[in-house]
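This report describes how selected helices, strands and single residues are placed in one protein chain. Please keep the sequence and the structure in view while reading.

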Amino acid sequence: MLLCMLALPALAQDFHPLAYAPAPVDNPLKGFVPYAGDKGEANFPHSLEWFYIPLADLLPKEKTYDWTPMDKRLAAIAAKGHQAVMRVYLDYPGKTPGTPKFLLEEGLKTYTYDGRKNNGLSLSPNYEDPRLRAVLKDFIAAFGARYDGDPRLAFITIGLLGYWGEWHTADFPERFASKAVQTEVMDAYAKAFHKTKLLVRYPAGPEDSYYADNHAQPMGYHDDSFSWDTLPTADKKPNTFFMGKMKLANALDKWKTQPVGGEVRPEIWDTLWDDLTGAPKGQEFGPCLEATHATWLMNTGVFRNQLEGAKLERALAGARRMGYELTVTAAALSMKPGSGLGVWVKIRNGGVAPFYYKWPVEIGLLDASGKLTV
């Protein structure tokens with residue numbers, strides 16, 4: 001890839017090769033992601049932070065939006081020089097219902113459950129209810145109108161449906177949203193967001209028996225069991241693994257235009273970077289990363305633990321390898337009277353994924369002491 005700052009001819013011999021140096025681990029829009037406000041956040045370099053928010057907080061009354069809770073979270077993250085990855089939910093096990101209160105008061109049918117440490121606290125709504133469906137479509141439109149392209153927001157997982165907004169209802173699959181509702185939510189997001197990148201939980205093609213076809217939707221995917229159920233193994237059906245689902249959905253090349261994110265499986269948070277990794281055989285971090293082309297991953301393990309020595313170096317290398325790694329391999333300058341300064345750089349992406357956003361380019365001039373002058 002060649003980036004020319006001015007349309008002036010540059011001969012091959014004008015280029016000066018530049019030595020490679022590893023990119024900062026906390027480069028923007030990539031890497032490991034802590035929960036926003038995590039006390040261990042400072043233990044590992046990062047540029048992204050994750051948060052959930054209930055729809056009820058943003059929609060206190062019908063057609064009345066309160067964006068204050070959202071803006072407060074985004075502002076707190078941006079104040080640290082970071083960007084947010086987030087999801088809106090209706091049903092979070094163990095928390096009070098995220099479904100707007102006015103819908104519950106109007107008699108929206110809901111289901112109780114005790115699993116997932118919920119103990120009857122959160123409620124699973126009837127996703128087929130026409131009132132709820134209309135509310136979700138209106139909300140997504142308003143959400144996009146306000147936040148599409150907001151530089152504080154790096155990625156949005158489209159959420160809303162299922163436990164934690166993760167598009168499943170665990171032991172009660174019959175309670176999950178129908179394909180029609182799933183499609184309505186995806187279509188609404190695709191219509192409302194044209195700049196901010198979106199991700200959906202499960203890859204699905206036209207033949208999927210449970211999930212609506214999303215292989216052509218303008219959104220990436222979220223592997224929620226990274227380095228655990230990522231790569232297919234011979235002892236289980238392919239559709240039980242993330243990359244098996246990607247293949248069945250004909251979405252193996254979608255990473256070239258849409259991001260892949262996810263979360264390292266909690267069971268291996270503390271052992272993923274050990275000399276003998278805690279990841280199951282065939283699910284080691286490196287092969288999983290190369291296969292998925294993941295750009296970001298939630299990984300509480302590197303934040304809640306103070307990693308040291310070889311373990312820390314492996315974690316840093318893993319984070320650096322994610323997403324893009326742009327390197328200026330050579331540069332050329334040209335100064336002609338009346339034409340100004342011409343600058344050319346050759347850039348190589350040595351990462352596993354593209355840089356997904358349009359990002360303004362800045363050029364500065366340093367003096368002999370290394371001080372920025374322009």
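A residue counts as buried under 20% relative accessible area, as exposed over 50%, and as partly exposed in between, with a 1.4 Å probe and protein chains only. By that definition alanine 216 is exposed, because its relative accessible area is 66%. The model is a predicted one, in which local features need pLDDT of at least 70 and side-chain atom pairs count only at pLDDT 80 or more, while totals for chains, interfaces and linings use all residues. Residues are numbered from 1 along each chain as its sequence is written, and side-chain values use heavy atoms, with hydrogens and water left out.

**Single residues in loops and helices**

Helices (H or I, at least four residues) and strands (E, at least two) are DSSP runs numbered from the N terminus. Alanine 216 belongs to the loop between strand E9 (197-200) and strand E10, and its C-alpha lies 14 Å from that of lysine 191, at a separation of 25 residues in sequence. The next four residues are set side by side in the table.

| Residue | Location | Relative accessible area |
|---|---|---|
| Tryptophan 164 | loop between E8 (153-157) and H5 (179-192) | 17%, buried |
| Glutamine 182 | helix H5 | 0%, buried |
| Asparagine 239 | loop between E10 (220-226) and H6 (242-248) | 38%, partly exposed |
| Histidine 293 | loop between H7 (285-292) and E12 (296-298) | 15%, buried |

Two of these residues also carry a backbone feature. Tryptophan 164 has a positive phi of about 60° although it is not a glycine, and histidine 293, likewise not a glycine, has a positive phi of about 60°.

For the other two, the neighbours can be listed, where contact means heavy atoms within 4.5 Å. Leaving aside residues up to four places away in sequence, glutamine 182 touches Leu161, Trp167, Phe176, Ala177, Tyr210, Tyr211 and Ala212. With the same exclusion, asparagine 239 touches Lys245 and Leu248. The C-alpha atoms of asparagine 239 and alanine 249 are separated by 9.8 Å, and the two residues are 10 residues apart along the chain.

**Helix packing around H4**

Two packed helices are described by the angle between their axes and the distance between the axes. Here the axes are lines fitted to C-alpha atoms, for helices over the stretch in contact, and the angles run from 0 to 180 degrees between N-to-C directions. Helix H2 (residues 68-78) packs with helix H4 (residues 130-147) at an angle of about 40°, and their axes are 13 Å apart. H2 is therefore oblique to H4, since angles under 35 degrees count as roughly parallel, over 145 as roughly antiparallel, 65 to 115 as roughly perpendicular and the rest as oblique. The contact joins Met70, Asp71 and Leu74 in H2 to Phe143, Arg146 and Tyr147 in H4. Its residues divide into four nonpolar, no polar and two charged, where Ala, Val, Leu, Ile, Met, Phe, Trp, Tyr, Cys and Pro count as nonpolar, Asp, Glu, Lys and Arg as charged, and the others, Gly among them, as polar.

H4 also packs with H5, at an angle of about 20° and with the axes 8 Å apart. That angle makes H4 roughly parallel to H5. In this contact Arg133, Leu136, Lys137, Ile140, Ala141, Phe143 and Gly144 of H4 meet Ala180, Val181, Glu184, Val185, Ala188, Tyr189 and Ala192 of H5. By class, the contact of H4 with H5 has 10 nonpolar, one polar and three charged residues.

**Strand pairing**

In a regular strand the side chains alternate between the two faces of the sheet. Which residues of strand E4 point one way, and which the other? Leu48, Trp50, Tyr52 and Pro54 point one way from E4, whereas Glu49, Phe51 and Ile53 point the other way, and all are buried. Strand E4 (residues 48-54) is accordingly described as mostly covered, with seven of its seven residues buried.

Two strands pair if DSSP finds at least two bridges between them. E4 pairs with strand E5 (residues 83-89) in the parallel sense over seven bridges, and leucine 48 stands opposite glutamine 83 in E5. Strand E13 (residues 326-336) and strand E14 (residues 340-349) pair in the antiparallel sense over 10 bridges, with valine 343 in E14 as the bridge partner of leucine 333. E13 and E14 form a hairpin with three residues between them, and glycine 338 in the turn has a positive phi of about 80°.
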